[in-house]
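I pulled this one up to see how the inside is put together. Notes below, in the order I looked things up.

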Amino acid sequence: MSSKIGDNKRKIVKVRNQDGFVVRFRTNPNRRFRRLMRVYCDRVGISRNSVHFRFAGKRIYRMDTMASTGMENGATIEVYKQ
């Protein structure tokens, strides 16, 4: 049995743009943000290349995860236009 079983429960992450529009996602803490970023951009109708994502003042990348960035359940990722 793996010790990570409890860590793999889905968590809520909020993605907020500069206008205050929020999209909520349920994700696994060890899943890369690549899909979340793509789905967010598709939902709001923007190009992935026209924005960047930040958490706690630090830029996050497609290969990052909730676990690797230290995010807790309910954390908010901010989206900025480039």
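**Notebook: helix, core and two backbone oddities**

I started with what the helix leans on: the buried residues of H1 pack against strands S1 (11-16), S2 (22-27), S3 (51-55), S4 (58-60) and S5 (75-81). Worth keeping in mind that this is a predicted model.

Next I asked which residues of H1 are buried. Within the helix, which spans 34-44, I got Leu36, Met37, Val39, Tyr40 and Cys41. I checked that spacing against the helix rule: an α-helix has 3.6 residues a turn, so residues three or four places apart point the same way.

Then I pulled the largest nonpolar core, which came out at 19 residues. Val15, Phe33, Tyr40, Phe53, Ile60, Met71 and Ile77 have the most contacts inside it. Two or more residues each come from S1, S2, H1, S3 and S5. H1 gives the largest share, five residues.

Tyr40 turned up in both lists, as a buried residue of H1 and among the best-connected core members, and I looked up its partners. Skipping neighbours within four places in sequence, Tyr40 touches Val15, Asn17, Val23, Phe25, Ile46, Phe53 and Val79.

Last, I went over the backbone. Gly45, just after H1, has a positive phi of about 75 degrees. Ala56 also takes a positive phi, about 55 degrees, and it is not a glycine. I found Ala56 in the loop between S3 and S4. Is Ala56 buried or exposed? Its relative accessibility is 67%, so I logged Ala56 as exposed, the cut-off being over 50%.

Key: Residues are numbered from 1 along each chain as its sequence is written. This is a predicted model: local features need pLDDT of at least 70, side-chain atom pairs count only at pLDDT 80 or more; totals for chains, interfaces and linings use all residues. Side-chain values use heavy atoms; hydrogens and water are left out. Buried means under 20% relative accessible area, exposed over 50%, partly exposed in between (1.4 Å probe, protein chains only). Helices (H or I, at least four residues) and strands (E, at least two) are DSSP runs, numbered from the N terminus. Contact means heavy atoms within 4.5 Å. A nonpolar core is a set of buried Ala, Val, Leu, Ile, Met, Phe, Trp, Tyr and Cys residues joined through side-chain atoms within 4.5 Å.
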